[in-house]
Amino acid sequence: MDYLTLLQVLDTTVRLATPLLLACLAGLYSERAGIFDIGLEGKMLAAAFFSAAFAYTTGSAWLGVLAGVTVSLLLSGIHGLASITFRGNQLISGLAITMLASGMTVLVAQDWFAQGGRTPSLQAEGSRFEPIVLPFAEALRDVPIIGPLDYELISGHPSLVYIAFALVPLTWWILFRTRFGLRLRAVGENPASVDTAGVSVVALRYSAVMICGVLCGLAGAYLATALQAGF
């Protein structure tokens, strides 16, 4: 395998790994707070559909992202209500959300667009995220080793890819260098001690579940408006 082919393989890996990266970060926040969430896929699925639907309807990919994140937050709120407020089984709640999203997206898509459970292709300018060419990528393209690395691997991704990878160090900083992160980890490991210290366990767990919803919404929106051109 030559150098250029290797870079192209890595480029494809970055594109395909982005939604998984966002979902992993979402699950990390939830798990650290003591909430086991197997409904990540369902929230991503619902976010993917509504992102594509609103991006097609409005012609704006960012409004599509907003719609996807909103729906994902709604499903996260349901999961939080079931598992935190009513202390229900977290596995059953997450599975129910995934099953709900699996059926709801197809049903709503068929009623909305009548295309067999799919949305129309996002062809209009602005309705999907286009690759971003970073500064100096074109100028350095012919420079040995560095040029192809910059042009083929680092540059040329949709904005959501860069946001996803930037969230990795941000997540580390939040969880291990902030008071919020310390309390969040303590809630997952010993909620009684957090409650004794006068900190609301319920509020922290809801915060983690909502952060999880935002990240799942971004993952679903990326699938429909950046990696693909529709649902």
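**Figure 1. The largest pocket of the predicted model, at about 170 Å³**. Start with the open space: in this predicted model, the largest pocket comes out at a volume of about 170 Å³. Around it you'll find I35, S83, I84, T85, R87, Q90, V201, V202 and R205 as the lining. Sort that lining by class and you get four nonpolar, three polar and two charged residues.

**Figure 2. Helices α3 and α9 at the pocket wall**. Which helices each supply at least two residues of the lining of the largest pocket? They are α3, covering 61–85, and α9, covering 201–227. Among the lining residues to pick out here are S83, I84 and T85, along with V201, V202 and R205.

**Figure 3. Helix α3 packed against helix α4**. The partner of α3 in this close-up is α4, residues 90–113, and the two pack at an angle of about 155°. Their axes sit 9 Å apart. With angles over 145 degrees counting as roughly antiparallel, α3 and α4 are therefore roughly antiparallel to each other. As for handedness, α3 passes α4 in a right-handed crossing.

**Figure 4. Residues where α3 meets α4**. On the α3 side, the contact is made by L75, H79, A82 and S83. Facing them from α4 are Q90, S93, G94, I97 and L100. By class, this contact holds four nonpolar and five polar residues, with no charged ones. Two names here may ring a bell: S83 and Q90 also belong to the lining of the largest pocket.

**Figure 5. Helix α1 alongside helix α5**. Now move to α1 (residues 3–32) and α5 (residues 146–154), whose axes come within 8 Å and cross at roughly 30°. Angles under 35 degrees count as roughly parallel, so α1 and α5 are roughly parallel to each other. This crossing, too, is right-handed as α1 passes α5.

**Figure 6. Residues where α1 meets α5**. From α1 come Y3, L4, L7, Q8, L10, D11 and V14, and α5 answers with P148, L149, E152 and L153. The contact splits into eight nonpolar residues, one polar and two charged.

**Figure 7. The whole chain, for orientation**. To place the close-ups, zoom out: the protein has nine helices and zero strands. From the N terminus on, its elements read α-α-α-α-α-α-α-α-α. The C-alpha trace spans about 60 × 45 × 30 Å along its principal axes.

Terms used: Residues numbered from 1 in each chain as written. Predicted model: local features only at pLDDT ≥ 70, side-chain atom pairs only at ≥ 80, totals over all residues. Heavy atoms only, no water. Axes fitted to C-alpha atoms, helices over the stretch in contact; angles between N-to-C directions. Helix = DSSP H or I, 4+ residues; strand = E, 2+ residues; numbered from the N terminus. Parallel < 35°, antiparallel > 145°, perpendicular 65-115°, else oblique. Left-handed = near helix turned anticlockwise from the far one by under 90°. Contact = heavy atoms within 4.5 Å. Nonpolar A, V, L, I, M, F, W, Y, C, P; charged D, E, K, R; others polar. 1 Å grid on protein atoms, 1.4 Å probe; cavity = no way out; pocket = protein on both sides within 12 Å on 5 of 7 lines; lining within 4 Å. Points joined across faces, edges and corners; volume = space filled by probe spheres on them.
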